[in-house]
Amino acid sequence: MSNEENTMLGITIAGIKMKTPVMTASGTFGFGLEYKDFVDLNKIGAVVVKGTTLLPRHGNQGRRIAETPAGMLNSIGLENPGVNEFLSGILPHLNAYDVPIIVNISGNTVEEYGELAALLNASGVDGLELNISCPNVKEGGIAFGTNCDSASAVVRQVKKNTDLPVIVKLSPNVTDIVAMAQSVEDAGADAISLINTLLGMSIDIHKWRPVLGNVVGGLSGPAVKPIAVRMVWQVAQSVKVPVIGMGGIVTAEDAVEFMLAGATAVAVGTANFINPCAAQTVAEGIESYIRQRGLSHVRELVGKVNI
Amino acid sequence: MPKMVVEARIVRNTEIGVNVKELVLYAPEIAAQAVPGQFLHVRVSDSYHPLLRRPLSISDADRQAGTISTIYRVVGQGTACLAALTSEDSVNCMGPLGNGFALQSQRPLLVGGGMGLAPLLFLAGALCPHPIEILMGGRTREEMFWADMFHGKCDAIHITTDDGTLGSCGVTLDVLPEVLKNGAFDLIYTCGPRIMMEGVAKVAKKHNIPCQVSLEDYMACGIGGCLSCTCAGKNGTRKKVCSDGPVFWAQEVMA
Ligand SMILES: Cc1cc2nc3c(=O)[nH]c(=O)nc-3n(C[C@H](O)[C@H](O)[C@H](O)COP(=O)(O)OP(=O)(O)OC[C@H]3O[C@@H](n4cnc5c(N)ncnc54)[C@H](O)[C@@H]3O)c2cc1C
Ligand SMILES: Cc1cc2nc3c(=O)[nH]c(=O)nc-3n(C[C@H](O)[C@H](O)[C@H](O)COP(=O)(O)O)c2cc1C
């Protein structure tokens, strides 16, 4: 299949050509290779890999996930093998597939984001996604994503250090999502993705203790979808750069909702845990939907909600 | 060996103990590949509540019949959903996941506690015809329906119950030294509560007997993608219980 826009699903977002508008959400799809028995990696819009940091991280202590009604909390704490291991040990295997690779990065300081961007300005990487919003990591992260100035500083630093398209991933844990989106756009973001997880908490009423070792964690899954759709809708109207929507997408119908709200592309996250080929089935479902509606290309859905 | 996801018809889902059921699924592709120690990741309902799959050890695989079995205790919402299903239903099932036990032992000792006995049942079948001994523990007589299931598969069965209603009163670790004195085992396989496995691993190390443990942790994807279930390995390495395990050599993951 050609990845040009002459197919019904092919799109280009911030210069990244994708065969379908359905990507995988960072942290829910490992480095992609873990899923290769279940899904044809060549048929995914883009693989967004697990949040990567300068140095390896062991992540948080204690229990890391808790199931909640139609959702889950996680406090993985950005466990990952570090950027060097990613580049030398993982990326070459991923590049055996014909799929864009987007690296989700996270730093403790503005400078760290810049360093990561420079290291990843390598062949085989198709784009960067800046996780300025992970609510799990005590040393930073949250501060960047909830403050317009520090978020902009991260974006500028990254842009200085890379030629790759830069996607900025917003945290929903803010009062004014539009202000955040406009700040990162002004700072040079090539695309905006949202939403990351919503900060939540579960308590074990038998033990009178938090369920998660980290006390609080990020909520994801179908439970967050209406919030995510609302935020995508608000952001898409207020910025010029393309928006990648995510948060609770399980079915093609969910994905269509995000596109009608204004998302050019979408990502499936928690759904990968329920259906390991979700990224493929959602894309196929979108194609059927487009045909049924008598449309010729997925872009005809973007932002078309009638208010 | 490729892992897969299948819609598996339920052959039967029957009560075999108090709050414990055996689920037999028709899944020939999984049955053909499954080895003892591997697990299934089962979607217990089509709804979003519960949302996540449930990991369950494979307790038997019958290649001829194309079936795989799992034995589970009803402990919460997910297992209650599963318990309500009948042979009219099917379940969506990923498998066979994880790595199994090393099967090279000629003189194995199995040490299991509670639901940890489920994978050991499959293991005992695979280690036949070598002489197998098993040491099993549970809370009370009612829980020890396991003894009947291991009969015919094992040459010697040692039982402990916390309340002494069957076998020796106490826990497996109380009896382990005695069992080790009377047999020249070349490998100890253990699955059950963490504290039991740690104790077994320690004793095995003291006796210079290689030991394999089967770990359990909260997991979402079951295939190494979400990093929910990682633990510390030797020399600062990280191990994923779902995809590097759940079976490990004890010294890989225990001090
Ligand atoms: C590799 C592996 C093999 C297993 N094999 C068996 C088996 O053969 N027989 C058996 O009875 N049980 C087994 N378990 C435990 C079984 O997965 C849990 O009892 C089950 O998930 C409980 O679900 P629930 O909804 O009924 O309970 P709830 O407590 O309501 O579950 C809430 C959440 O916690 C998770 N969870 C709860 N207990 C455990 C646990 N002990 N381990 C991992 N996750 C848990 C659930 O999956 C769910 O996401 C195994 C666990 C693992 C990791
Ligand atoms: C287990 C888990 C790990 C995650 N790790 C990351 C991460 O490393 N970086 C990141 O930007 N987002 C991470 N996320 C957030 C997801 O990428 C996504 O934004 C969020 O889960 C909402 O989508 P969903 O409801 O489809 O899962 C993680 C989510 C989960 C559930």
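An oxygen atom of ligand 1 sits 2.6 Å from a polar backbone atom of B:Gly78 in this predicted model. Two further backbone contacts join it in the table, where each row pairs one ligand atom with the polar backbone atom of one residue.

| Ligand 1 atom | Residue (polar backbone atom) | Distance |
|---|---|---|
| oxygen | B:Gly78 | 2.6 Å |
| nitrogen | B:Ile71 | 2.8 Å |
| oxygen | B:Gly76 | 3.0 Å |

How much of the ligand does the protein cover? Taken alone, ligand 1 exposes 820 Å², and the protein buries 84% of that area.

Now to the surroundings. There are 21 residues around ligand 1, and those that come nearest are B:Pro55, B:Ile71, B:Gly78, B:Thr79 and B:Glu216. By character, the shell divides into 10 nonpolar, five polar and six charged residues.

It helps to see which pieces of chain B supply these residues. Strand S4 (54-57), strand S6 (67-73) and helix H2 (77-83) of chain B are the elements that give two or more residues to the shell around ligand 1. S4(B) provides the largest share, with four residues.

Where does ligand 1 lie with respect to the domains of chain B? Domain 1 (4-97) and domain 2 (108-253) of chain B both give residues to the shell, so ligand 1 lies between them. The picture also reaches beyond one chain: residues from chains A and B surround ligand 1, so the site is shared between chains. When you look at the structure, then, keep both chains in view around this ligand.

Methods. Residues are numbered from 1 along each chain as its sequence is written. Chains are lettered from A and ligands numbered from 1 in the order in which they are written. This is a predicted model: local features need pLDDT of at least 70, side-chain atom pairs count only at pLDDT 80 or more; totals for chains, interfaces and linings use all residues. Side-chain values use heavy atoms; hydrogens and water are left out. A residue is near a molecule or strand if one of its heavy atoms lies within 4 Å of it. A polar contact is a pair of N or O atoms within 3.5 Å; within protein, one must be able to donate a hydrogen and the other to accept it, and residues adjacent in sequence count only if both atoms are side-chain atoms. Accessible areas come from the Shrake-Rupley method with a 1.4 Å probe; for residues, only the protein chains shown count as cover. Ala, Val, Leu, Ile, Met, Phe, Trp, Tyr, Cys and Pro count as nonpolar, Asp, Glu, Lys and Arg as charged, and the others, Gly among them, as polar. Domain bounds come from an automatic or database domain assignment.
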